[in-house]
Amino acid sequence: MSFIQALTLTPLRHRILAFMAGLILPLSYAPFHILPLFYVSFICLFYLAWGARDNRRHLLWLGWLFGCGQFLVGFYWLGESFIVLGGGYLWLMPLALAGLVAGLALFPALALFIWGVLRPYVLRFNKGGQASKTDSHLDGHRFYDMLLLALIWSLGEYARANVLTGLPWNLAGMVWAGFLPLAQMASVLGLFGMGLLCVISAACLSVPDKKIWAAGLSLPLMALGLGLVILQEETHPLETAPKILVIQPNIKQADKWLPEKRAVHIETIFTLIKQGLAEHKDSDIIVLPETAIPFLIDEDGAFAHLLRRHLPQDKYLLLGAVRRSLSPKNPDLKNPDSKNPHKDYDYYNSAMLWSSNGTLLAQIDKYHLVPFGEYLPAQGFLEAIGLRQLTQLRGGFATRNSASIEEITLKDIPPFMPLICFEATFPYLAAANGGAKWLVNLTNDAWFGTSTGPAQHLAHTKLRAIEQGLPLIRSANTGISAVFDAYGRRLKMLPLNQKGYFSVLLPNSRSFTIYSYSSDILYLIIIFMVSIFIARKGLAAYAKKILRKV
């Protein structure tokens, strides 16, 4: 059989089309924000799923290939981190990316498969009800089928964001994140609820009926109208608002931890601080990125001396740094491991707040680590066969015990909560404390060069500000550093690969957002209500049977 003949076979042609639909989906997310491609991609997938509705094996393939295309383009930038390290890590790049893409693609594959399993039961259940002639405009059962698929797809994304370590990256709701009025829906329903509306909208548009199309188009139009109303509000800084100086040192990842360049990096950072304070003398707090200073700054007086030397009185410095504590396995260091001293300690990726007199005022350890970046799943086994996480620390990093933390409080500065790097992609971590008045994201995206990764990370971070109704300050080593107000408006920004600083008065927070109070409850309520709508005929028939018995 020739290739052309094989291509004409319906299953193969559909699977290729599913893969291509997945390939274009990430172009609807940051930094491209080509909104129509989201609907083209999902309408194509839903069309293919409807055609294969009675073939579960084919549905599994369609979902998996769609996912492979989506995650291949959506996560290609992870390969940049292997290029940064070079040497013995380059050979791992294709294996790691292929494994990640193939694994994540199981979520859309299972979503379509589960839909194929459930839909006959839903149809059978509804046949117990009395069909109405007025339902003919719904194209038979197709409308309900597409709604059911949208629900299962959304729950699959919720699982991807929470199962194992969770990866809530480029979920469906992110398609509205690039359009500020649409993104305001996150303050009501959060990322998952916003994504559900997006997928339901696409599901409606996949049904060949003008009334259903109108319903599908009404969802983004409704979100747009609500967003425009919300954005009429302003967030002006209070008269007593602190002034924040954000530093972007732009230190290459390949050079960051080289001992021979440590002094140069420290000089670069403190030179930027000096220049920034000379221009913005009234700054109250200075913010540096994740792991800004390349040594253990809390273990001797060297860093405290630098602060006393370079910082004026009554200034604060917030920065990311690595710290260590004695391991519970060897708390008294009585039996040190001479072959691997790292085993005697637990290492933490932390946010630290220092005063200008060299006092460590507060520290918060990272809770959600990056898999394969800061730790290895099955760490002992994989290290035994010669693998290391990208940070190359034997044993990996440790985490704090709880997602909930106490906010950091200072005199005359509103309480705030830091989110370290990857943590800014998790809605629940931004909501881990109800007392914070602003959020800080300390990150180092130098691993990913000029790829789409840093722009995607920034887009996720912005949504945390909108969800919680809190201003967000972001310091990134090589960019993108930025400030967002409580509505996600970008007030200041430093682009990728640019050394510099900016100062900003802290914007006021919103009085409340629905999402900050309800979390994902409204999302789950919508899931429940749409499920009731899908199965309403069967439920009505079942209720009649019960009433007859009564």
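Here are four short exercises with worked solutions on this predicted model.

**Exercise 1. The open sheet**

Work out in which order the six strands of the open sheet stand, and which strands are at its edges.

*Solution.* Start with the order, which reads E5-E4-E3-E2-E1-E12, with mixed pairing. Next, look at the two ends: strand E5 (360–365) and strand E12 (500–505) each have a single partner strand, so one side of each is left without a neighbour in the sheet. Finally, check the twist: neighbouring strands here are turned by 35 degrees against each other on average, direction ignored.

**Exercise 2. Strand E1 and its partners**

Find out how E1 pairs with E12 and with E2, and whether its residues are buried or exposed.

*Solution.* Take E12 to begin with: E1 and E12 run antiparallel and share six bridges, and Val-246 has Phe-502 as its bridge partner in E12. Then turn to E2, which runs parallel to E1 and is joined to it by three bridges; here Ile-244 is opposite Ile-285. Now for the side chains. In a regular strand they alternate between the two faces of the sheet. In E1, Lys-243, Leu-245 and Ile-247 point one way, while Ile-244, Val-246 and Gln-248 point the other way. Six of the six residues of E1 are buried.

**Exercise 3. A helix across the sheet**

Describe where helix H13 (residues 262–279) lies and what its buried residues pack against.

*Solution.* Locate the helix: H13 lies across strands E1, E2, E3 and E12, and runs at about 145 degrees to E1. Check its length: its 18 residues reach 26 Å from the first C-alpha to the last, close to the 26 Å expected. List its buried residues, among them Ile-266, Phe-270 and Leu-277. These buried residues pack against E1, E2, E3 and E12, and also against helix H12 (253–256) and helix H14 (302–310).

**Exercise 4. Aromatic neighbours**

Compare the geometry of the pair Phe-38 and Tyr-39 with that of Trp-77 and Trp-169.

*Solution.* A pair of aromatic rings is described by the distance of the centres and the angle of the planes. For Phe-38 and Tyr-39 these are 5.2 Å and 85 degrees, an edge-to-face pair. For Trp-77 and Trp-169 they are 5.2 Å and 40 degrees, a tilted pair. Trp-77 lies in the loop between helices H4 and H5, and Trp-169 in the loop between helices H8 and H9, so the pair ties together parts that are 92 residues apart in sequence. Both Trp-77 and Trp-169 are buried.

Key. Residues are numbered from 1 along each chain as its sequence is written. This is a predicted model: local features need pLDDT of at least 70, side-chain atom pairs count only at pLDDT 80 or more; totals for chains, interfaces and linings use all residues. Side-chain values use heavy atoms; hydrogens and water are left out. Two strands pair if DSSP finds at least two bridges between them. Helices (H or I, at least four residues) and strands (E, at least two) are DSSP runs, numbered from the N terminus. Axes are lines fitted to C-alpha atoms, for helices over the stretch in contact, and angles run from 0 to 180 degrees between N-to-C directions. Contact means heavy atoms within 4.5 Å. The expected span of a helix is 1.5 Å times one less than its number of residues. Buried means under 20% relative accessible area, exposed over 50%, partly exposed in between (1.4 Å probe, protein chains only). Rings of Phe, Tyr and Trp (its six-membered ring) pair if their centres lie within 6.5 Å; planes under 30 degrees apart count as stacked, over 60 as edge-to-face and the rest as tilted.
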